[in-house]
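Colleague: I am new to this and would love to learn how such labels are earned. Could you show me the structure and talk me through it?

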Amino acid sequence: MNSDIFVVIEHLRGQVSDISYVMLAAARGMANATGGKVIAVILGHDVETLARDLAADRVLYMEHAAFADFSSDAYQRALEGVIKEHAPRAVLFGDTTMGGDVAAWLSTHLALPLVSACRTFRADAGALKFVSQICGGKMMAEGDLPAPTTLVLMVPGGYKPEQGRAAQAPELARVNAPALDDLRVTVKDYVEPAVGDVDVSKEAVVVSIGRGIQNQDNVELAEELAKALGGVVAGSRPVIDQGWLAPTRLVGKSGKAVKPKLYLALGISGAPEHVEAIGDSEMIVAINTDPAAPIFDIAKFGSQVDMLDLMPVLTEKVQQAKGL
Ligand SMILES: Cc1cc2nc3c(=O)[nH]c(=O)nc-3n(C[C@H](O)[C@H](O)[C@H](O)COP(=O)(O)OP(=O)(O)OC[C@H]3O[C@@H](n4cnc5c(N)ncnc54)[C@H](O)[C@@H]3O)c2cc1C
């Protein structure tokens, strides 16, 4: 049985996404337990740049025009060959739109088990165990990672991206791409999402509101707090779906990923689709009346006070402190 751990590197427009580093960090612990190697798999071009800080023992890469932009069809075919040939102990993908698209197809096509929303792994008497966030992140499920090969979709939160970065570039090994001339899905154009009034992904302070805000009238309280802190208001999906904030303010899988110095999560439960986009924040502070809300798992500081009580008081305190 091959004991190597493969990590499919997710990248877009020349940038390796943070979940790739999280997966490399997880893979290192797994490989230590199995006695295998950490193998990064890159489908793309300009591989030297993409691979330069990956904490992997080796990088298998394929170059082809079809990988210039993400194409699930091309990825599926390319990875099918790699997995069949190597049959690694596990293949890690980001639990993202891209990863889910590819891993689900491979799972059905190759009849391989697929673990989704996986957060951590641990070794137990020679066996590898996984922990997955289920029920929107409210419960953790632990199980044995099926042998000989399992596909895994990983969420952030269990490992720090820095642990997946290395000072030295890994060894590169080129693999020939399969025939990709008759793809059913090809990318015609890449459309940058509209930035709108502000680009929340570039802000240093993000005051983010969730369903706990209750109604549109209360949004003003968050705006006043954001103004006092010198930041902007963003929100989770229910707030955007209600039309209480513009779609450009959506944080999460379907919106923007943010990396502020301060992410103040007010009345947000911490569902995986939201949390995957806030893991790079320097500090997450969560306010939620439910002590079991999963947002507290990734928050540095938290409080169970009512956000509607807190916001005006905090605004006043910040204004006083800043002499506003
Ligand atoms: C394919 C897909 C893509 C998705 N994309 C996104 C995305 O991009 N972004 C996103 O956010 N979601 C996304 N979702 C939805 C996601 O699964 C969650 O449903 C959503 O994040 C929940 O938002 P929430 O935390 O605001 O609401 P809830 O889960 O309802 O949580 C509200 C929280 O507020 C707390 N609360 C209530 N009242 C108060 C109060 N007065 N004071 C303090 N706390 C209070 C509650 O305890 C609760 O924890 C997506 C889902 C799918 C399936």
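Modeller: Gladly! Please keep in mind that this is a predicted model. Let's start with the shell around the ligand: its residues divide into seven nonpolar, 12 polar and six charged.

Colleague: How many residues surround the ligand, and which are the closest?

Modeller: There are 25 residues around the ligand, and the closest are Arg 211, Ser 236, Ser 254, Ser 269 and Asn 288. Two helices, α6 (237-241) and α7 (272-275), each supply at least two residues of that shell.

Colleague: What makes the approach of Arg 211 to the ligand a polar contact?

Modeller: The cut-off is a pair of N or O atoms within 3.5 Å. An oxygen atom of the ligand is 2.6 Å from an N or O atom in the side chain of Arg 211, so this pair qualifies. The side chain of Ser 254 has an N or O atom 2.6 Å from a nitrogen atom of the ligand. For the side chain of Asn 288, the distance from an N or O atom to an oxygen atom of the ligand is 2.7 Å. As for cover, the ligand taken alone exposes 980 Å², and the protein buries 75% of that. The space taken by the ligand is the second largest pocket.

Colleague: Why is Asp 199 called buried?

Modeller: Buried means under 20% relative accessible area. Asp 199 has 11%, so the label fits. You will find Asp 199 in the loop between β11 (171-174) and β12 (205-209). Its side chain makes a polar contact of 2.6 Å with that of Ser 201 and one of 2.9 Å with that of Lys 202.

Colleague: And why does Leu 229 count as partly exposed?

Modeller: Partly exposed runs between the buried limit of 20% and the exposed limit of 50%. Leu 229 has 22% relative accessibility, so it belongs in that middle class. Leu 229 is in helix α5 (residues 219-229). Asp 46, at 44%, also counts as partly exposed.

Colleague: What makes the phi of Asp 46 worth a look?

Modeller: Most residues other than glycine have a negative phi. Asp 46 is not a glycine, yet its phi is positive, about 55°. Asp 46 lies in the loop between β4 (38-43) and α2 (47-51). Gln 214, not a glycine either, has a positive phi of about 75°, and its place is in the loop between β12 and α5.

Colleague: Which form does the peptide bond from Ala 147 to Pro 148 take, cis or trans?

Modeller: That bond is cis, with omega near 5°. Most peptide bonds are trans. Pro 148 is found in the loop between β9 (139-144) and β10 (150-154).

Key
Residues are numbered from 1 along each chain as its sequence is written. This is a predicted model: local features need pLDDT of at least 70, side-chain atom pairs count only at pLDDT 80 or more; totals for chains, interfaces and linings use all residues. Side-chain values use heavy atoms; hydrogens and water are left out. A residue is near a molecule or strand if one of its heavy atoms lies within 4 Å of it. A polar contact is a pair of N or O atoms within 3.5 Å; within protein, one must be able to donate a hydrogen and the other to accept it, and residues adjacent in sequence count only if both atoms are side-chain atoms. Accessible areas come from the Shrake-Rupley method with a 1.4 Å probe; for residues, only the protein chains shown count as cover. On a 1 Å grid over the protein atoms alone, a cavity is a set of points where a 1.4 Å probe fits but cannot get out, and a pocket is an open set with protein on both sides within 12 Å along at least five of seven lines; lining residues have an atom within 4 Å of a point. A molecule sits in a cavity or pocket if more than half of its atoms lie within 2 Å of its grid points. Helices (H or I, at least four residues) and strands (E, at least two) are DSSP runs, numbered from the N terminus. Ala, Val, Leu, Ile, Met, Phe, Trp, Tyr, Cys and Pro count as nonpolar, Asp, Glu, Lys and Arg as charged, and the others, Gly among them, as polar. Buried means under 20% relative accessible area, exposed over 50%, partly exposed in between (1.4 Å probe, protein chains only).
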